[in-house]
Amino acid sequence: MKKLTPKFPQLIHGADYNPEQWLSYPDILKKDIELLKKAHMNSVSVGIFSWAHLEPQEGVYDFDWLEEIINNLYDNGIYTVLATPSGAKPLWMSEKYEEVRRVSKDGVRDKSGDRHNHCYTSPYYRMKVKQMDTKLAERFSHHPGVVLWHLSNEFCGECYCPNCVNAFREWLKEKYQTLDNLNHAWWTHFWSHTYRSWDQINPPFSNGELSIHGLNLDWKRFVTHQTVDFMKVEMDAVKAVNPEIPCTANLMHFYDGLDYNKFDCLDVVSWDNYPQWHRGNNVDIAARSGACHDVMRSVKHQNFLLMENTPSTVNWVPASKLKRPGMHLAASLQAVAHGSESVQYFQFRKSRGSSEKFHGAVVDHVGTDETRVFRDVTEVGKTLEALTDKIYGSEVKAEVAVIYDWENRWAVENAQGPRYGSRSKSWDGKGDGIHYIETVLKHHRALWNKGINVDFVDMEDDISGYKLVIAPMLYMLRNNFGDKIKAFVEGGGKILMTANSGIVDDTDLCFLGGWPGAGLMEVFGIWNESIDGLWDEDENSMVMSENSPFDGSFRCSELCGIIHARGAEVLATYGSDFYEGEPCLTVNKFGQGKAYYLATQADGDFLDKFYDVLVSEAGVKRNLETELPYGVTVHTRTADDGTEFVFVENYSGEEKELMLPNEYLDILDGIRVKSIKLEPYQVKVLS
Ligand code: GLA
Ligand code: ZN
């Protein structure tokens, strides 16, 4: 059993806590302890934005106030997740040392202020962070109450300052060795953009070079590299003092600015979940939130921590909608079902002023436990206490992997074709565009609907252990991934790949000699001659062939790949247009396995049916072998001794009844059951 926080191996119920805002309110600090205990909270994250209090002047440190807080918490049974304060710089620093302030894509240097806007390359900032983190570790990392390092906060963004530009050039030199290599990889002879010296290379400034897709891609790779490199400065500093305290950083699910799979050097992945519950259909929101948990768990393929979510509302969307009754507990247990060992909040006590004064918090400005939110939070605390002995350390096991690859995303969203337009910004994906994330989520959703555990993998992961692999829009094939797919299918694996796959290589150069490239024409038994990019108002249909496992005709849209079967069996053909009757769904037997190719963007109703076929053919286990009503899904965690914990989750807003395939123990109610009734937004935990 892997213990994410060995000093405190329990389900954590905690929150961001900012006592530095309240140092002149001693009664409030005292009250905080009382309320933390009342809410059944066992941990807080402290120090996230405390630099101005920890080092009020350059070289003058004051940690006494923090020690008093940590001691007091510990004496009252509350553990500390201790943050390094690098997420926001003190004013004395940003005023005196210009280099710590970022330069934007427009080439403009930030003024002082705000947060998450330090330069990751700045030698001064790195030096100061190392100093600060070392001192914090010396003072606190052996404290019995300190269980985890919280490095900085939500690493994000990019900097175009001269230090970063130079570091980018050095990174490129190491990668390409010669300018000839780089010019070829980036195809720079196009539009006469050939580089003759390394100094001519600049990042993609908004008024500069944006047309070289290989450059855009490498810049994003570099930003990830530089951010991780900065994070390692922090990790090394605290570990040098005491290697026993694990390090985490709070990530942001599908955030596009960083390849989070490169953050697997962290001991523990944690993340911040802010779904917009009650905006439209909660079932859609729950499915999306489930995918976010899965992508975060998949960074390290181990359990994770939910570092932040709101107990009630967020204040950074136009309407701050409160969570409806039942939703807070359901959303909390959803995290646990997907492998979280914690439920933590932003924030414990609502700040009195500044931009987050109306963001949800456990304790509101009224300052008491008499609120609905406080009662909801307390209920979560009690529930986690009831579960911790049983489920702590149990893990999510998945037989299906969906490929989600950040580099593929960057490349396909930057490509001007076959549906150029707005990049996939919102997940409901309105407007023309390529919709990579939406495509990934649509396939994840088909599995979610059936109550099947899913891992995400990228092209650096091993796929050999899965029974079924889904490759939605695998535009780029990098890192010899074509060979991995080939070996996987040869060895008996089942794969589904979808439209706009196998088009470019590692540096975004198109494969010559036919799509899908990298040897995959042979594996899939098809040749993709071209892709018809449709307008939003266009559609076509998939007409199932006589030999396909089910009948009917299903809507498809956006992308229609024109493919030729070269050995593959045709399972469906287009229903209209000049390619009516041409294949749009094929299957090829290859080695011991099968490779399916879906050449178009199919709707959910088709996927729901088709995944029944894929799942049963691949022998993938459903978490409950029973038909699930709409809005109900099931996830499992398995303990070392093989005990399975089954989370049955109802996001439908209606009461649902379910016959169970066997008798189960309802852990929270303590009774044996053969069928269950779920209230709206209720989650049951069975074993
Ligand atoms: C992020 C940050 C927090 C806070 C919340 C508000 O997750 O990490 O500091 O700003 O958003 O939702
Ligand atoms: Zn910089």
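A residue counts as buried here when its relative accessible area is under 20%, and as partly exposed when the value lies between that and 50%. Everything that follows comes from a predicted model.

That cut-off matters straight away for Arg-445, which counts as buried because its relative accessibility is 19%. Arg-445 forms a salt bridge with Asp-284, and the closest N and O atoms of the two are 2.9 Å apart. Arg-445 sits in helix α13 (residues 436–449) and Asp-284 in helix α9 (residues 282–300), so this salt bridge ties together parts that are 161 residues apart in sequence. Asp-284 has a relative accessibility of 29%, so this partner counts as partly exposed.

Helix α9 has another pair to look at. Asp-294 and Arg-297 join their side chains in a salt bridge, at 2.8 Å from N to O. About one helical turn separates Asp-294 from Arg-297, because they are 3 residues apart in helix α9. With a relative accessibility of 2%, Asp-294 counts as buried, and Arg-297 counts as buried too, at 3%.

Further along the chain, a salt bridge brings together the side chains of Glu-617 and Lys-594, with 2.9 Å between N and O. This pair links distant parts of the chain, 23 residues apart: Glu-617 belongs to helix α16 (residues 604–618) and Lys-594 to strand β18 (residues 593–598). Glu-617 counts as partly exposed, because its relative accessibility is 29%. Elsewhere, salt bridges with shared partners build one network, whose members include Lys-175, Asp-218, Arg-221, Asp-259 and Lys-262. Asp-405, Glu-407, Asp-458, Glu-460 and Arg-478 are also among the residues joined in that network. Over the whole structure, the search turns up 45 salt bridges.

Next comes the metal site. Four cysteines hold the zinc ion (ligand 2) through their SG atoms: Cys-119, Cys-159, Cys-161 and Cys-164, at 2.2 to 2.3 Å. The site is tetrahedral, with angles of 100 to 117 degrees among the 4 donor atoms. For comparison, the ideal angle for four tetrahedral donors is 109.5 degrees. Along the sequence, the donor residues of the zinc ion (ligand 2) follow the spacing C-x39-C-x1-C-x2-C. Cys-119 and Cys-161 link distant parts of the chain, 42 residues apart: Cys-119 is in the loop between α4 (91–96) and α5 (123–140), while Cys-161 is in the loop between β4 (146–150) and α6 (162–176). Both Cys-119 and Cys-161 are buried.

Helix α11 (residues 372–391) runs for 20 residues and spans 28 Å from first to last C-alpha, close to the 28 Å expected at 1.5 Å a residue. Even so, α11 has a kink of about 30 degrees, centred on Glu-385. Its buried residues include Val-373, Phe-374, Asp-376, Val-377, Thr-378 and Val-380. Further on in α11, Gly-381, Thr-383, Leu-384, Leu-387, Thr-388 and Ile-391 are buried as well. After α11 comes Gly-393, which has a positive phi, near 85 degrees.

The last stop is a pair of strands. Strand β9 (residues 400–403) and β10 run parallel and are joined by 4 bridges. One of the residues involved is Ile-403, whose bridge partner in β10 is Val-457. Strand β10 (residues 454–457) is covered on both faces, with Val-454 and Phe-456 buried on one side and Asp-455 and Val-457 buried on the other.

How values were computed
Residues numbered from 1 in each chain as written. Chains lettered and ligands numbered in written order. Predicted model: local features only at pLDDT ≥ 70, side-chain atom pairs only at ≥ 80, totals over all residues. Heavy atoms only, no water. Buried < 20%, exposed > 50% of the residue type's maximum accessible area, 1.4 Å probe, protein only. Helix = DSSP H or I, 4+ residues; strand = E, 2+ residues; numbered from the N terminus. Pairing = 2+ DSSP bridges. Expected span 1.5 Å × (residues − 1). Bend = angle between axes of the 7 residues up to and from the residue. Donors = N, O, S within 2.8 Å, 3.2 Å for Na, K, Ca; no water. Tetrahedral: all angles 85-135°; square planar, octahedral: opposite > 155°, others 65-115°. Salt bridge = Lys/Arg side-chain N within 4 Å of Asp/Glu carboxyl O.
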